[in-house]
Amino acid sequence: MKPAVVLYKPLADDLRQRLDAHFEVTEIEGLDEEHVKKYASVLEKAQGIIGSGGKFDQKMLDRLPQLKVASTISAGYDKYDVDALNARGILLMHTPSALTETVADLLMGLVLSTARRLPELAERTKAGEWRENVTADWFGTDVHHKTLGVVGMGRIGMALAQRAHLGFSMPILYNARRRHAEAEQRFDATYCDLDSLMAAADFVCIILPLTDETHHLINRERLAKMKASAILINAGRGPVVDEAALIHALENHVISAAGLDVFEREPLAADSPLLRLPNVVALPHIGSATHETRYAMDATGVDNLIAAFNGQVQENCVNPQVANAAGTGRS
Ligand code: 8YV
């Protein structure tokens, strides 16, 4: 008998067929409270689950007593209580490699948008305000040859450093848990402690996962270390930056601007002060949101689920150590 799997996001036909070939699939509309209740009996039988979003805390895991594998169609897995998964021997698969280049493109887009004020000036142009050659109040600041600070030198940090250093001649500073020889060799990146990076960079780009250690890592004191001309970019996870402290820094010109794809609460509330600040470019968490990349992520999520049920957890597995306990086959 094929393992029972719950799918909680729509997939392209070919990916759905691939999933159906391996599993007995029940598709549900979502994992919010309403649907969790509606599909309680389906969840109770699920051995696998695949989709993106949802909160996999102990309460949710209690609704999934048969679960062996969770395949999240995302790189981040901060919505999962990994200790609870480990205790139950549930494998967690994710899609870190599928979105690297696309998120790095967006980061570079935020760097350019904030420095050159692209959204604001495009709006002013559409509003008919361009009546003569622009004067200094329309000017932005240069990007090329400015110093880029990368906080979190993972795959995306590397892809950003490549663009910034090789494409825009930007010196790279970086902070990470450990030194990154390849970044230093390929992009001449200089390792810095976080406070020195904050003080020296013209652009501080945050590309960190959300963990207990990174929550509010960028706080009022750290923002105060930045140059008044510097720009903060966050496309990792919102709560890594203390949003109230950021708003304070932007309103009081402690820093010059911010480019944000992620927020403490998503979707961002319509009355957030961030939306009325002219020096903020706010995006609706679109780091990986291209047709090609979202398809690639979905495909990786499906392949991950199949691989995990075959005991193949060499790639894309958050907790390969539980492979045996999960009883999913050879490890
Ligand atoms: C999306 C992301 O939020 O992969 C991640 O961690 O933040 C994004 O790609 C989403 O999870 C994809 O549906």
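**Exercise 1. Sort the shell around the ligand by residue class.**

Start with who is in it: S52, I73, S74, A75, G76, L99, R237, H285, S288, R294 and M297, each with a heavy atom within 4 Å of the ligand. Next, the classes: Ala, Val, Leu, Ile, Met, Phe, Trp, Tyr, Cys and Pro are nonpolar, Asp, Glu, Lys and Arg charged, and the others, Gly among them, polar. That gives four nonpolar, five polar and two charged residues.

A word on ground rules: this is a predicted model, where local features need pLDDT of at least 70, side-chain atom pairs need 80 or more, and totals for chains, interfaces and linings use all residues. Numbering runs from 1 along each chain as its sequence is written, and side-chain values use heavy atoms, with hydrogens and water left out.

**Exercise 2. Find side-chain polar contacts (N or O pairs within 3.5 Å) to ligand oxygen atoms, then say how much of the ligand is covered.**

Take S288: its side-chain N or O sits 2.6 Å from a ligand oxygen. For H285, the distance from a polar side-chain atom to a ligand oxygen is 2.8 Å. With S52, it's 3.2 Å. Now the cover: on its own the ligand has 330 Å² of accessible area (Shrake-Rupley, 1.4 Å probe), and the protein hides 83% of that.

**Exercise 3. Describe the lining of the second largest pocket.**

First, lining residues have an atom within 4 Å of a pocket grid point. There are 18 here, with T114, R117, E120, P278 and N279 closest to the centre. Then split them: nine nonpolar, seven polar and two charged.

How values were computed. A polar contact is a pair of N or O atoms within 3.5 Å; within protein, one must be able to donate a hydrogen and the other to accept it, and residues adjacent in sequence count only if both atoms are side-chain atoms. On a 1 Å grid over the protein atoms alone, a cavity is a set of points where a 1.4 Å probe fits but cannot get out, and a pocket is an open set with protein on both sides within 12 Å along at least five of seven lines; lining residues have an atom within 4 Å of a point.
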